[in-house]
Structures are given as C-alpha cells and as structure tokens.
Amino acid sequence: MGGQAKSKKKSKPKKTRSNGVGAGLVALTAQDRMKVRMHEKARKKTAEKYTVEQLLEKTEESMDNFDFPMARLFCQRALDVEPTNLEVLEMMGNICAELGEVDRAEQVFLKAVELSPDQGHSKYMYLGQIHTSQEAINYFRKGIEIMINTLDTQNTSAAAAVEGASALGEERSPVVSGKDVSVAFCSVAEIFFTDLCMEEGAADRCKEAISKALEYDPDSAEALQLMASYLFSSQNMEEGKGYLKRSVSSWLPSLNQQTEPAAAAQQEDESEQSGVPPYESRITTAKLLIEAEEPEMAMEVLEGLLEEDDEVVQVWYMLGWVCVFINVPPSCLFLPASCLQVWYMLCLH
C-alpha cells in the first residue's frame, strides 16, 4: 500500500475569462480593451435610460438651436444603441457635414447606402456634392431615380391621401417634391458645365438635365438661370436673355420688398421662403445680366448684394462696370476709393 504511487489528478482545462470581451478583442491592448468595455457600458446605460426616439428628439432640438456639437453627442448615443438605424445614420451624416467633418459624413452616408441602397435619396445628394466628375453624376442619378420613384408613388396615392386628410382635417406634407427633383437635375447640369465640360456630348447632356429640371419645376430660378447660361454659351443671346429675365423676375421683386432691417438669421429665412437664390448664385446672376447688356437690372441685383455684405470686392468691381454701361459716375454711389480707381482704369480703355 505504502509503496504504491499516488495517481495524478487529471488537469482541468483553464477557464478563460470573458468579461464580455469577444475573441476579436484578444489582440487589443489593455487600454483599448478598457475603452471597448467603457463604450459598451455607456451604450447599455443609454439604452436603459433613453429610447432612440427620445435621443433623436434631443438631437433635433439641438440642431434647431444650431448647437451641432451637442446634437452630435445625442445622435452618437442613438447610433450606439441602434447602429443600423437609417434615420439616425442620415441625421449623423448631416450633423457631421454641418461641422465640416467631411470624411466622417461620407463614411456614415456610405454605411447608409450599404444598408439601404434603394431607399432615401438625401444620402446620394450629399455624396454627389462631395465628389466630382462622373462619380458625382452617378450619385446624383441614383438619388434622382429614388426621388422620381417616390414622387410617382406619392402621386399614385394622392387621391386617397387627400380624402383621408380631408376627413381628419389634416394635410400631409410630401416626402419628395418636384422642386427637390429639379434641384438635383440642376446639380447634374452644373457638373457638365464645369468638371465634364470637355467630355464628348457634354453640351447635349447639360441641356437635357436643365430641361428635366424645368419639367419638374418650371419656375425654378436656378434652372432658368442655368438655361440662360447654356444658351449664352451657345451664342443664342436673345433666347438666353428671356430665360434670365424670367429667373430674376421670380425673386427680385420679393427681395426688394425686404426693406425693413432684420436680424441676419431672419433675413436668411425670408430669403429661403421667397425663393431668393444664395449670395454666390446672385453674383453669377449679375455677371450674366452684364453679359446680356441689362445694366439696370444688374444694378438692382448688385445693390441688393451690397445691402447684405458691402465688403465683397467682386460686387463693387461689377458695379463699376455697370456704371460704365449707363454712364453714371461711381462717386454718386459712394464707392470705396479702390473701386473708384478700378472705374477710372476702365474708362481709359
């Protein structure tokens, strides 16, 4: 008995500590694993305390107050809870775009495209804006395709929707409007004016895009101005002048009515509501009016630009040219000394 060797105990396999850490985290450093655990803990805590809908409400509230950094925090919390929620992804993309985080915005929108390639047009519109040439065209066209399909669906069920809304005393807002489609076609046309202007058939494709834009919104100031610019480049000045006057007449009277002083934000809201184009677009309008030999209308546009911002040299320079056309001494307009010098130089030529 005493001489018998003791049997060895079978060694049990060692238990691996998971602590919620997956196999994929084994290769991470201790610091990185700690960050992942803290992130997971924060996600669970957020999910217990707030719903995604509540977080989105907080996000929208912050965006309405132009507090985009705070909006980003709320939206990120919502994204932590539901990483594949399309509404959250698109909202995060818009917030990153507002904050100038272009790479992050592109990453988020591409994720939304991966999850739902045939629904939601806004992600394609943004991707088209940050890309160039044919790649931008491809994104815009996909967005347009989705918008047109959505618009057709809305029009098909319009009668039923109107009847239902009338019965409830409510009015439903369309998800997509003809103006949205028109703006997208204008974006395509502008690329053929710039990045792809040397491509074969660019002029025809540009005109086709502008015609489509006018088909969906015949009174679009942007589309009318683009058609005028296209016709000018084709040496069809008279027809182009007609489109340009229609464009300017659609917003200039409403701009002239905004004579009372107001806060900058209020003026911007009023401009959007009345369809007044952005500042840079109106600078282009003034250039085209000068080219079309419409100095009086050009002066009205330029004076409106000066009321908004009187420190843009390009606007003063064009106003000097207009004075040459109509033989008005710029000194009567209280031009800065530098602009007076430009005007006198123009008179010598």
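Reader: Which residues make the nonpolar surface patch of about 290 Å²?
Author: This is a predicted model, in which local features need pLDDT of at least 70 and side-chain atom pairs count only at pLDDT 80 or more, while totals for chains, interfaces and linings use all residues. Residues are numbered from 1 along each chain as its sequence is written, and side-chain values use heavy atoms, with hydrogens and water left out. Patches consist of residues with over 30% relative accessible area and no salt bridge, where like charges are joined within 9 Å and nonpolar side chains (Val, Leu, Ile, Met, Phe, Trp, Tyr) within 5 Å. The nonpolar patch of about 290 Å² is made by Tyr317, Trp321 and Phe325.

Reader: Is Trp321 buried, partly exposed or exposed?
Author: Trp321 lies in helix H17, residues 313-326; helices (H or I, at least four residues) and strands (E, at least two) are DSSP runs, numbered from the N terminus. Buried means under 20% relative accessible area, exposed over 50%, and partly exposed in between, with a 1.4 Å probe and protein chains only. With a relative accessible area of 32%, Trp321 is therefore partly exposed.

Reader: What percentage of the chain is helix over residues 86-119?
Author: UniProt, in an unreviewed entry, places the feature "repeat: TPR" at residues 86-119; its positions are given in the numbering used here, feature names are shortened, and annotations may be inferred rather than shown by experiment. The end C-alpha atoms of this segment are 10 Å apart. Strand makes up 0% of residues 86-119, and the helix content is 79%.

Reader: How far does helix H16 reach from its first C-alpha to its last?
Author: Helix H16 covers residues 295-308 and has 14 residues. The expected span of a helix is 1.5 Å times one less than its number of residues. For H16 the expected span is 20 Å, and the computed reach is close to this value, at 20 Å.

Reader: Which residues does Ser182 touch, not counting residues up to four places away in sequence?
Author: Ser182 is in helix H9, residues 178-193, and counts as buried because its relative accessibility is 1%. Contact means heavy atoms within 4.5 Å. Beyond its neighbours up to four places away in sequence, Ser182 touches Ala213, Tyr216, Asp217, Ser220 and Ala223.

Reader: With which residue does Glu145 form a salt bridge?
Author: A salt bridge is a side-chain nitrogen of Lys or Arg within 4 Å of a carboxyl oxygen of Asp or Glu, and by this rule the count comes to nine. Glu145 and its partner both lie in helix H7 (residues 133-156), three residues apart, about one turn of the helix. The closest N and O atoms are 3.8 Å apart, and the partner is Lys142.

Reader: Why are Glu238 and Lys241 separated by about one helical turn?
Author: Glu238 and Lys241 form a salt bridge, their closest N and O atoms being 4.0 Å apart. Glu238 is exposed at 61%, whereas Lys241 is buried at 19%. The separation is about one helical turn because both residues are in helix H12 (residues 237-249), at a spacing of three residues.

Reader: Which residues are joined into one network by salt bridges that share partners?
Author: Glu294 forms a salt bridge with Lys245, with the closest N and O atoms 3.3 Å apart. Glu294 lies in the loop between helix H15 (279-291) and H16 and Lys245 in helix H12, so the pair ties together parts that are 49 residues apart in sequence. Glu294 is buried at 15%, while Lys245 is partly exposed at 33%. Through shared partners, the salt bridges join into one network Glu238, Lys241, Lys245 and Glu294.

Terms used. Accessible areas come from the Shrake-Rupley method with a 1.4 Å probe; for residues, only the protein chains shown count as cover.
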